[in-house]
Amino acid sequence: MAFVRVASASRLREGNLVEVEVAGRFVAVCRSGGAIYAMDGICPHSGGPLGQGALHGTAVVCPWHAWEFDCRTGILDYNERIRVPTFAVRIEGDDILADLP
Ligand code: FES
């Protein structure tokens, strides 16, 4: 794919985490520290919906068993070998665009 719209920048406030479905793929989009991040929305543990979890600082917390992934890198907090794919983000007007594979 390429850069595709995933959310509205003005509606994604600081500390927000949302789940977006784009062409059948779930993406977790969040705003932390004024920056916007996008990562794959499916937890590598057991498939939990990361975009329905919580955001604690830069940690996306899976709602099923509370694994925590850094939204900047996708890396699991206690095992850096486990990583959720992250996607480059750019803003055009009010659109958040993510570079989805
Ligand atoms: S499915 Fe995400 S922590 Fe278990």
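Me: Is V4 buried or exposed, and why?
Reply: V4 is partly exposed, because 17 other C-beta atoms lie within 10 Å. A residue counts as buried with 20 or more other C-beta atoms within 10 Å of its own, as exposed with 12 or fewer, and as partly exposed in between; C-beta atoms are placed from the backbone. This is a predicted model: local features need pLDDT of at least 70, side-chain atom pairs count only at pLDDT 80 or more, and totals for chains, interfaces and linings use all residues. Residues are numbered from 1 along each chain as its sequence is written.

Me: Which residues is V4 in contact with, beyond its neighbours within four places in sequence?
Reply: Contact means that two C-beta atoms, placed from the backbone, lie within 7 Å. V4 touches V22, L97, A98 and L100 in this sense.

Me: Where does V4 sit?
Reply: In strand β1. Strands are DSSP runs (E, at least two residues), numbered from the N terminus.

Me: How do I read strand pairing?
Reply: Strands of a sheet pair through backbone hydrogen bonds, either parallel or antiparallel. Two strands pair if DSSP finds at least two bridges between them. Here, β1 and β12 (residues 95-99) pair in the antiparallel sense over 5 bridges. A7 stands opposite I96 in β12.

Me: What is the strand order of the open sheet of 3 strands?
Reply: The order is β1-β12-β11, with antiparallel pairing. β1 (3-8) and β11 (89-92) are the edge strands, each pairing on one side only.

Me: Which strands form the open sheet of 4 strands?
Reply: That sheet runs β2-β3-β4-β10, again antiparallel. Its edges are β2 (17-22) and β10 (86-87). A38 has F87 in β10 as its bridge partner.
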